[in-house]
Amino acid sequence: MSTGFNRTDALVITSLLFLILLINRLALSTRGHRLPPGPSRIPFLGNLHQVPLVDQQKTFAEWMQKYGDVIYIELFSKPFLIVSSVQAAQDLMEKRASKYSDRPYFLLLREFVMTKPLMIFMSYDNRYRRLRRWYQGSLENKAVLEGYRPVQTREIGRLLSSLMETSEDFISHIKRFNGAVMLDIAYGHRVTSVDDEFMIFADKTIATITALGSFAATLVDFFPIMKYLPSWMPGSGFKKQAVRGKEMWDAMEDIPYQKLRNAMESDSVKRSFTTFMLDEVSHDGKLTEDDEIDVKGSATLMYAAGVDTSMTSLSTLMLAMTIYPEVARKAQAEIDQVVGLSRLPDLSDRDVLPYVESIVKEVYRWNPPAPLGVPHCVRDDDNYRGYDIPGGSMIVPNVWAMSRDSALYPDPEAFRPERFEGLDANATSLLDPRKYVFGFGRRICPGRYLADSSVWLVTASILATMNVGRARDAAGHEIVPAPSFKNGIISHVDPFVCTILPRSERAVRLIEELVAHSAENPIV
Ligand code: HEM
């Protein structure tokens, strides 16, 4: 929730808006609310002065010790509910889903950048439900998910072989893996090189848009009147950056879509999420303007929402394997014993590799890719545990705090897959981080099964074939990286070094066979 404004901006804006805020605050405080506990507020700013610009999830988790798992704060006059336990998150966003499934109005993004309707920003209405059905048809259907296996397997072959060639670029290789899987599924586009034009452009676009500020966190989100500021006025700089973001996002939506449409006119094309959506909407080959907006936006969103999140889990895996080599060794022994050395593990082995499963869970828990989730919004006034929750409050799930619950996860900062071993069914379900890292209720991540299968497949394949180890400094001392993650919507892993070497000649042959098999059996 960084506000991204400087002191000059604040002075100008303050004088313009103080009166409006005063009226707003008066309206809120005279409603006789019994609000949930939270740090005390000051006039005008509310709690803004107490919310740090970095690692907000950690401050919110500290507040939890004092105020509990449901905390009320205001930033300027906007009401926020910070929800820090799985129980409260499920009570509100799952059991009361009819009220808690909207999104807050992200003004900067919606009015300046992604100006056409986009599912992730939509309220839970009929249009949203139609798009959600498209995602369900392509991402939550067992048979369809199985149809993606050949793409995942081909890309794992390329990932492993790139890791053998240039292990120092492991982060780019992982990124390429996720990008290639998503582009194939979204558009049927096959990535053949790390310099794939679309992938590079898409990454730049996402970085440009992310740099504008986190969700609903820029000053204009708090003071909508700022959108009318002329561009010469202090405080209006966001407009210029947003225009650039919009140009890039529009191109990211148009380019792969137009390429596919052109190909469809002259040739038969590979089935993909986009062709599936086009089949759903066009009965006589024609599309309405809204249909086209929805198809283009949904395909682009699939890529934008799917790449950095999964990539964060896989780079977290590499970091954990570097810091905790004994975990990798234990998993390798399990794979060698159960799967053997003559083939790579596949998803049919998942149930018989419990330690690998525990590693995947610990990866999600240790560094949840979206530490503060994606906020929901409560439609109407509500009451929870005797407290009033004002309609329109932004609901922020503190996923990071859930992952640090020491009653469930003793010594939570340690990467310890053993915490998931030997549990009964009840405890297994209670501790499973997939209950919160993918969000809640009707807005839960539709890509979770695909993401989880990719994370598992890559984890098992790397462990089966590679030794991830510690690099050495000039003096020959091992470099043990610190677990350090970036601040922001996505908790990217900070750069670190490691070594990655094939485990054996046999592992090298397995990788070569996989690559050769994919080349001989192209996916049609
Ligand atoms: C480890 C990987 C991933 C994580 C941790 C993750 C996490 C999340 C979270 C926390 C949300 C917000 C849910 C909520 O509002 O309660 C979300 C939404 C979403 N995710 Fe994912 N995600 C991942 C991978 C993917 C993939 C691979 C795709 C696409 C194939 C995807 C597509 C989406 C979409 C479209 C939404 C918006 C849903 C809506 O607004 O209703 N995600 N994800």
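Two helices count as roughly perpendicular when the angle between their axes is 65 to 115 degrees. The exercises below apply this and similar criteria to a predicted model.

**Exercise 1. Helix 15 and helix 20**

Task: Determine how helix 15 and helix 20 are oriented to each other, and state which residues meet.

Solution.
1. Two packed helices are described by the angle between their axes and the distance between the axes.
2. Helix 15 comprises residues 325–338, and its axis comes within 9 Å of the axis of helix 20. The two axes cross at roughly 90°.
3. This angle falls in the range 65 to 115, and helix 15 and helix 20 are therefore roughly perpendicular to each other.
4. From helix 15, the residues Ala328, Ala331, Gln332 and Ile335 take part; they meet Ala460, Leu463 and Ala464 of helix 20.
5. Sorted by character, the residues of this contact between helix 15 and helix 20 comprise six nonpolar, one polar and no charged.

**Exercise 2. Helix 14 and helix 16**

Task: Carry out the corresponding analysis for helix 14 and helix 16.

Solution.
1. Helix 16 spans residues 354–366, and its axis lies 9 Å from that of helix 14. The packing angle is about 105°.
2. Angles of 65 to 115 degrees count as roughly perpendicular, so this description applies to helix 14 and helix 16.
3. Helix 14 contributes Ser313, Thr316, Leu317, Leu319, Ala320, Met321 and Ile323 to the contact, while helix 16 contributes Ile359, Val363, Tyr364 and Trp366.
4. The contact of helix 14 with helix 16 contains nine nonpolar residues, two polar and no charged.

**Exercise 3. Aromatic pairs**

Task: How many aromatic pairs does a search of the whole structure find? Classify the pair Tyr124 and Tyr128, and then the pair Phe198 and Tyr303.

Solution.
1. The search of the whole structure finds 14 aromatic pairs.
2. A pair of aromatic rings is described by the distance of the centres and the angle of the planes.
3. For Tyr124 and Tyr128, the centres are 5.2 Å apart and the planes make an angle of 50°, and the pair is tilted. Tyr124 and Tyr128 are both buried.
4. For Phe198 and Tyr303, the ring centres are 5.7 Å apart and the planes stand at 70°. Planes over 60 degrees apart count as edge-to-face, so the pair Phe198 and Tyr303 belongs to that class.
5. Phe198 and Tyr303 link distant parts of the chain: Phe198 belongs to helix 10 (residues 197–210) and Tyr303 to helix 14 (residues 289–323), with their positions 105 residues apart.
6. A residue is buried under 20% relative accessible area. Phe198, at 11%, is therefore buried, and Tyr303, at 1%, is buried as well.
7. Ring pairs also link Tyr324, Trp366, Phe415 and Phe485 into a cluster.

**Exercise 4. Two residues in one loop**

Task: Pro117 lies in the loop between helix 5 and helix 6, and so does Met114. Is Met114 buried or exposed, and what does each of the residues touch?

Solution.
1. The loop runs between helix 5 (107–113) and helix 6 (126–139).
2. Met114 has 10% relative accessibility and therefore counts as buried. Pro117, at 35%, counts as partly exposed.
3. Leaving aside residues up to four places away in sequence, Met114 touches Leu109, Phe121, Ile209 and Trp249. With the corresponding exclusion, Pro117 touches Met122, Arg127 and Ile293.
4. Pro117 and Asp290 are 173 residues apart in sequence, and their C-alpha atoms are 8.9 Å apart in space. For Met114 and Ile500, the separation is 386 residues in sequence and 40 Å from C-alpha to C-alpha.

**Exercise 5. Positive phi values**

Task: Locate Phe76 and Asp411, and describe the phi value and burial of each.

Solution.
1. Phe76 lies in the loop between strand 1 (70–75) and strand 2 (78–83). Its phi is near 50°, a positive value in a residue other than glycine.
2. The relative accessible area of Phe76 is 3%, so Phe76 is buried.
3. Asp411 lies in the loop between helix 17 (399–403) and helix 18 (425–431). The phi of Asp411 is likewise positive, near 50°.
4. With a relative accessible area of 47%, Asp411 is partly exposed.

**Exercise 6. The iron atom**

Task: Which residue is the only protein donor of the iron atom of the ligand, and where is that residue found?

Solution.
1. The only protein donor is Cys445, through its SG atom, at 2.3 Å.
2. Cys445 is located in the loop between helix 19 (434–437) and helix 20 (448–465).

Notes: Residues numbered from 1 in each chain as written. Predicted model: local features only at pLDDT ≥ 70, side-chain atom pairs only at ≥ 80, totals over all residues. Heavy atoms only, no water. Donors = N, O, S within 2.8 Å, 3.2 Å for Na, K, Ca; no water. Helix = DSSP H or I, 4+ residues; strand = E, 2+ residues; numbered from the N terminus. Axes fitted to C-alpha atoms, helices over the stretch in contact; angles between N-to-C directions. Parallel < 35°, antiparallel > 145°, perpendicular 65-115°, else oblique. Contact = heavy atoms within 4.5 Å. Nonpolar A, V, L, I, M, F, W, Y, C, P; charged D, E, K, R; others polar. Phe/Tyr/Trp six-rings, centres within 6.5 Å; stacked < 30°, edge-to-face > 60°. Buried < 20%, exposed > 50% of the residue type's maximum accessible area, 1.4 Å probe, protein only.
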